[in-house]
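Biologist: Could you take me on a close look at one part of this protein, the open sheet of eight strands and what packs around it? I would enjoy a connected tour that I can follow with the model on my screen.

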Amino acid sequence: MEQLVSTHWQDYALLDSGNGRKLERFGPYVLSRPEARATWTPALPSADWNNAHAEFREKGKEKGHWQIRRSMEPSWEITYRALRFRLQIDRSRQIGVFPENATHWDWIARRIANAEQQTHVLNLFGYTGLATLVAARAGARVTHVDASKRAVNWARENQRLSGLQDRSVRWIVDDALKYVGREARRGVHYDGIVLDPPAFGRGPGGEVWRFEKLFPELCEACRSVLGLAPKFVVATVYTRGMKIEQITDAVAAMVAGFGGQLNAGTLITREQSGGRNLANALFVRWWV
């Protein structure tokens, strides 16, 4: 399996990790968040961890709260290459960006730049829109789908912050699987598909998403909206316990018959303190 690491960040760094947590810098602020994969002992002394601006404390499996330790704004902006976007600490440990995904952003931009004609991209579970904006900036027409109206509004704000209001983006609040089914019935086709599904979620109509059950079904549905000569598919999977073979098989079935190349592996972040690699997610990429 291939390991991919993002190397072009200026506003983000994994400072240290261990004891089930990670210490990260996002622009001017240092945050401490849970990370079950960090099973080792931290390299930095506890004083460095205690100096974080904020720490997310878990309460149960999904709940928790931010404990503010040093003065900071609840919302701030950072950049990645030409992107500018907003982060915030609020109700969740997630703050608006998954930094390890930047390697996918750069890859998507290259795929679109190498295409011989304008690319139509479908971004499912698009969250705060960073992959969408990268694709749009590279010249693609993008349809961005997320079940959360709050996330879509956040993504549209990031579009404004990045100065990309003139780019072709359709913002859709909908259940991903239902939306793909409707697009198939309408005869709409896409040249590239980005999949970043959660382990569990609910659609705007209360639809229940469970990755293990529905990911193969989603991939099968996505095949029906691929064009005659698709350019790329990328899937990122954070669901723990999934085997890379299961994800690869589902994506391979989606693109069967189109030729091209397929690879799979792990997205990692390399910490500054001890140089260890923190595994963040599994991925599968296909392209021609």
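Modeller: Happy to; here is a walk through the sheet, the helix that packs on it, some buried residues and the neighbouring parts. Please keep in mind that this is a predicted model.

Let's start with the layout. The eight strands make an open sheet with mixed pairing, and their order across it is β1-β16-β17-β15-β12-β9-β10-β11. At the edges stand β1 (residues 2-5) and β11, each of which pairs on one side only. From one strand to its neighbour the sheet turns by 20° on average, ignoring direction. At the β1 edge, this strand pairs with β16 (residues 261-270) in the parallel sense, over four bridges. If you want a place to put your cursor there, Val-5 stands opposite Ile-268 in β16.

Now move inward to β12, which covers residues 192-195. On one side, β12 is joined to β9 (residues 120-124) by four bridges, and the two strands run parallel; here Leu-122 has Ile-193 of β12 as its bridge partner. Four bridges also join β12 to β15 (residues 232-237), again in parallel, and Gly-192 is found opposite Phe-232 of β15. As for the side chains and their directions, Gly-192 and Val-194 point one way from β12 while Ile-193 and Leu-195 point the other way, and all of them are buried.

The two partners of β12 each carry a polar residue worth a stop. In β9 you will find Asn-123, which counts as buried because its relative accessibility is 3%, below the 20% cut-off. The side chain of Asn-123 makes a polar contact of 2.8 Å with that of Thr-132. Leaving out residues up to four places away in sequence, Asn-123 touches Ala-131, Thr-132, Thr-143, His-144, Val-145 and Val-194. Val-194 is one of the β12 residues we just met.

In β15 the residue to look at is Thr-236, buried with a relative accessible area of 3%. Its side chain and that of His-104 are joined by a polar contact of 3.1 Å. With residues up to four places away again left out, the neighbours touched by Thr-236 include Asn-101, His-104, Leu-195, Asp-196, Pro-197 and Leu-267. Leu-195, too, belongs to β12.

Next comes the helix. α5 packs on the sheet, where it touches β9, β10 and β11, and its direction makes about 150° with that of β9. This helix spans residues 176-186, and its buried residues are Ala-176, Leu-177, Tyr-179, Val-180 and Glu-183. These residues lie on the same side of α5, because they cover an arc of only 160° around the axis. They pack against β9, β10 (141-146) and β11 (169-173), and also against another helix, α6 (211-223). Both ends of α5 have a detail to check. At the start, a side-chain oxygen of Asp-175 reaches to within 3.4 Å of the backbone nitrogen of Leu-177. After the helix comes Gly-187, with a positive phi near 80°.

To place all this in its surroundings, have a look at the nonpolar cores. The largest has 44 residues, and those with the most contacts inside it are Trp-9, Leu-31, Trp-76, Phe-85, Trp-105 and Ile-108. Helix α3 gives the most to this core, with six residues. Another core, of 36 residues, lies apart from it and has among its members Val-145, Ala-221, Val-237 and Ala-264. Going back to the largest core, Trp-105 is in contact with residues including Trp-9, Tyr-80, Val-97, Leu-130 and Val-134. Leu-130 lies in α3 (residues 130-137) and is buried, with a relative accessible area of 5%. The residues touched by Leu-130 include Leu-83, Phe-85 and Asn-158, besides Trp-105.

One last stop is a second open sheet, with five strands in the order β2-β3-β4-β5-β6 and mixed pairing. Its edge strands are β2 (12-18) and β6 (63-68); each has a single partner strand, so one side of each is left without a neighbour in the sheet. Within this sheet, β4 (residues 29-34) and β5 (residues 54-59) pair in the parallel sense over two bridges, with Ser-32 opposite Glu-55 in β5.

Technical notes
Residues are numbered from 1 along each chain as its sequence is written. This is a predicted model: local features need pLDDT of at least 70, side-chain atom pairs count only at pLDDT 80 or more; totals for chains, interfaces and linings use all residues. Side-chain values use heavy atoms; hydrogens and water are left out. Buried means under 20% relative accessible area, exposed over 50%, partly exposed in between (1.4 Å probe, protein chains only). Two strands pair if DSSP finds at least two bridges between them. The arc is that of the directions from the helix axis to the C-beta atoms. Contact means heavy atoms within 4.5 Å. A polar contact is a pair of N or O atoms within 3.5 Å; within protein, one must be able to donate a hydrogen and the other to accept it, and residues adjacent in sequence count only if both atoms are side-chain atoms. A nonpolar core is a set of buried Ala, Val, Leu, Ile, Met, Phe, Trp, Tyr and Cys residues joined through side-chain atoms within 4.5 Å. Axes are lines fitted to C-alpha atoms, for helices over the stretch in contact, and angles run from 0 to 180 degrees between N-to-C directions.
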